[in-house]
Amino acid sequence: MDLYLHDNPLLSIPNLKTSTFPPLFPFPLLNLKFLRRQSRRLSIAGFKSSATGSSSAVTTLEQPGGKMVVELVGAFNELTERMNMNVLSTSSSRLLFKSLKLSIPILQTLPLSPDGRSPLSKALSVAVILADLQMDAEVISAGILSEVLESGAISIYEVRDRIGTGTAHLLHESLRVKNISSKVEVLDDDSAAALRKFCLTYYNVRALILDLVLKLDMMRHLNYLPRYQQQVLSLEVMKIHAPLAHAVGTTFLSLELEDLSFQYLFPYSYLYVNTWLRSHESGSKPLIDIYKEQLLQSLKADPLLVEMVDDILVEGRYKSRYSTMKKLLRDGRRPEEVNDILGLRVILKPDSGVNVVEQGEKACYRAREIIRSLWKEMGDRSKDYIAEPKANGYQSLHMAVDVSENGRTRPPMEIQIRTTDMDMLAAGGTASHALYKGGLTDPEEANRLKAIMMAAAELAALRLKDFPSTNHKECNHRDRVFCLLDKNGDGKITIEELMEIMEELGARGEDAREMMQLLDANSDGSLSSDEFDLFQKQVELMRKLGDRDDQYKNLLDEKLHMPDGIAQEKELA
């Protein structure tokens with residue numbers, strides 16, 4: 001099945017590839033010939049062949065066991081697809097699978113959260129952010145289980161016994177971090193800095209990141225609270241958690257936490273800044289995406305550059321609302337002096353072989369020439385840190401280009417060009433600087449903590465690493481769930497194994513028999529990897545359509561309220 005859905009839940013609804021559908025209303029593309037062919041073999045809710053006249057498929061998925069298996073398979077696959085496959089060991093897969101098996105039945109029985117979401121949806125939202133951050137399976141499992149633990153359905157000791165000590169320890173640490181603001185009576189700048197330093201010094205950095213993701217999920221859903229509570233929580237996040245996110249190297253968390261806090265603390269100021277930034281847009285597609293695609297295509301079309309590199313990556317970012325406000329008010333800049341609203345970063349992987357460093361530098365300079373052919377360079381803002389590296393070894397080409405067109409003036413766009421090695425060095429150097437800004441006033445102390453953070457991450461990776469075994473069976477990504485369900489390793493899922501997973505999910509055994517009848521296309525009493533893979537594809541499609549429906553609901557809600565928003569913007573302007 002061809003699915004062209006590539007979701008990014010962190011910032012915005014991404015653009016989807018479409019065929020004849022207009023960009024405003026994108027649908028996932030389906031291989032309809034494939035679906036029609038497979039509907040004769042497998043029926044699942046919404047894709048039942050009308051010729052059979054049976055409703056067993058719908059009935060099966062309406063049973064508790066079938067619905068929980070669908071949720072288990074869909075959630076596991078979504079999370080593992082987002083994780084780095086190089087560190088997704090079999091041990092990690094088993095840990096994540098166990099956590100989902102424990103959590104899903106409990107979360108499905110809990111009442112809706114105060115913000116109107118189901119507890120399962122809330123837990124999976126946190127897990128998705130952690131997976132996108134490339135956190136390990138212990139942290140992601142802790143993110144899923146945090147909602148279960150908070151409900152009181154299980155204790156931290158049960159997590160330790162059933163999931164593992166590492167996950168239980170992270171949950172315990174995150175609970176301690178959660179109440180950090182209660183350690184001070186007045187949250188001023190000094191006390192906030194002291195709390196940040198305390199967190200960075202005494203808490204597990206992975207638990208800090210888990211708490212920060214929980215804070216981000218909370219901030220994204222504050223609408224149900226009274227205005228005063230929104231402001232109190234936003235003030236804590238702005239003073240403590242956003243700088244902490246910057247300190248531990250999760251920059252995008254920091255930026256979104258700042259913007260969300262800014263929006264609740266100073267809604268009219270936020271609206272001013274947001275309206276001004278949006279005034280630079282044209283059409284429905286974000287400018288940064290237009291420029292990023294244009295640059296990437298031009299770089300890949302250059303034969304000289306292609307010969308020098310194995311891979312080309314272009315990253316894009318917008319200036320955050322809060323950062324823009326600071327430059328306009330605190331720094332006293334005029335609007336035309338805020339020059340880094342748009343930013344691109346070109347990362348080149350040099351062709352492996354002799355003189356990789358020299359080849360990489362040549363590729364960077366070649367990329368700069370290509371950029372000069374696309375846009376007019378503003379020479380007074382160009383920096384060559386490759387020829388003259390910074391004191392800490394930082395290397396990169398910095399330039400600003402004029403992207404004004406058709407008589408429409410736009411702020412300059414900043415572009416950085418570097419190799420993969422230069423980018424890794426920049427990230428490492430930034431870590432100590434970020435820790436320093438996040439609350440540690442001694443640079444040496446920041447360097448020491450950076451080393452501790454790296455050691456903690458390496459220890460977790462070692463603990464989850466697979467060791468050689470004669471019984472170890474390698475599974476590709478699509479077969480991971482199949483391998484976890486095929487407990488005896490005979491290459492098929494039997495009715496007994498399916499009943500076992502149903503019972504672990506708290507469902508009755510008869511649900512397994514009904515589901516086996518649905519999925520067993522050749523009626524041999526077991527499921528092959530091909531039969532199960534077809535089931536996974538149908539589950540994936542249903543989840544994608546459900547997610548898209550939720551996103552359309554939010555978009556339509558904004559559209560329906562747009563006249564009021566436009567009137568308010570005009571009034572403020």
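Are Asp 217 and Arg 117 buried or exposed? Asp 217 is buried, and Arg 117 is buried as well. The legends below describe close-up views of a predicted model.

**Figure 1. A salt bridge between Asp 217 and Arg 117.** The side chains of these two residues meet with an N to O distance of 2.8 Å. The pair links distant parts of the chain: Asp 217 belongs to helix H10, while Arg 117 sits in the loop between helix H4 (90-109) and H5, and 100 residues separate them. Neither side of the pair is exposed, since both Asp 217 and Arg 117 count as buried. Side chains of opposite charge can pair when their charged atoms come close. Over the whole structure, the search finds 24 salt bridges.

**Figure 2. The second largest pocket and its lining.** The space in this pocket is about 750 Å³. Its lining consists of 32 residues, and those nearest the centre of the pocket are Lys 122, Glu 147, Glu 150, Lys 178 and Met 218. Two or more lining residues come from each of helix H5 (119-132), helix H6 (137-151), helix H8 (165-178), helix H10 (205-219) and helix H11 (227-247). Sorted by class, the lining holds 16 nonpolar, 7 polar and 9 charged residues.

**Figure 3. Glu 150 and Lys 178, a salt bridge between two helices.** The two side chains meet at 3.9 Å, N to O. Glu 150 lies in helix H6 and Lys 178 in helix H8, so the salt bridge ties together parts of the chain that are 28 residues apart in sequence. Glu 150 is exposed, with a relative accessible area of 55%. Lys 178 is partly exposed, at a relative accessible area of 39%. Both residues are also among those nearest the centre of the second largest pocket.

**Figure 4. Further salt bridges: Lys 239 with Asp 189, and a network of four residues.** The closest N and O atoms of Lys 239 and Asp 189 are 2.4 Å apart. Lys 239 lies in helix H11 and Asp 189 in helix H9 (residues 189-202), so this pair ties together parts that are 50 residues apart in sequence. Asp 189 is exposed, and its relative accessible area is 56%. Elsewhere, salt bridges link Lys 101, Lys 487, Glu 500 and Glu 504 in a network.

**Figure 5. Aromatic pairs, with Phe 262 and Tyr 322 as one of them.** The count of aromatic pairs comes to 9. Phe 262 and Tyr 322 are arranged edge-to-face, with 6.0 Å from centre to centre and 65 degrees between the planes. The pair links distant parts of the chain, with Phe 262 in helix H12 (residues 251-265) and Tyr 322 in helix H16 (residues 321-329), 60 residues apart. Both Phe 262 and Tyr 322 are buried. A second edge-to-face pair is made by Tyr 385 and Tyr 394, whose ring centres are 5.9 Å apart and whose planes are at 65 degrees. Tyr 394 is buried, with a relative accessible area of 12%. Phe 262 and Tyr 322 also belong to one aromatic cluster together with Phe 266 and Tyr 270.

**Figure 6. Strand E5 and its pairing with E3, E4 and E6.** Of the 6 residues of strand E5 (residues 397-402), 5 are buried, so the strand is largely enclosed by the rest of the structure. Strand E3 (residues 376-377) pairs with E5 in the antiparallel sense over 2 bridges, and Lys 376 has Asp 402 of E5 as its bridge partner. Strand E4 (residues 383-384) likewise pairs with E5 in the antiparallel sense, over 2 bridges; here the partner of Lys 383 in E5 is His 398. E5 and strand E6 (residues 413-419) run antiparallel and are joined by 5 bridges. Leu 397 stands opposite Ile 417 in E6, and the bridge partner of Val 401 in E6 is Met 413.

**Figure 7. Strand E6 and its parallel partner E2.** Burial covers 6 of the 7 residues of E6, so this strand is largely enclosed by the rest of the structure. Strand E2 (residues 342-350) runs parallel to E6, and 7 bridges join the two. Val 346 stands opposite Ile 417 in E6. Ile 417 also stands opposite Leu 397.

Note on methods: Residues are numbered from 1 along each chain as its sequence is written. This is a predicted model: local features need pLDDT of at least 70, side-chain atom pairs count only at pLDDT 80 or more; totals for chains, interfaces and linings use all residues. Side-chain values use heavy atoms; hydrogens and water are left out. Buried means under 20% relative accessible area, exposed over 50%, partly exposed in between (1.4 Å probe, protein chains only). Helices (H or I, at least four residues) and strands (E, at least two) are DSSP runs, numbered from the N terminus. Two strands pair if DSSP finds at least two bridges between them. On a 1 Å grid over the protein atoms alone, a cavity is a set of points where a 1.4 Å probe fits but cannot get out, and a pocket is an open set with protein on both sides within 12 Å along at least five of seven lines; lining residues have an atom within 4 Å of a point. Grid points are joined across faces, edges and corners, and a volume is the space filled by probe spheres set on the points. Ala, Val, Leu, Ile, Met, Phe, Trp, Tyr, Cys and Pro count as nonpolar, Asp, Glu, Lys and Arg as charged, and the others, Gly among them, as polar. Rings of Phe, Tyr and Trp (its six-membered ring) pair if their centres lie within 6.5 Å; planes under 30 degrees apart count as stacked, over 60 as edge-to-face and the rest as tilted.
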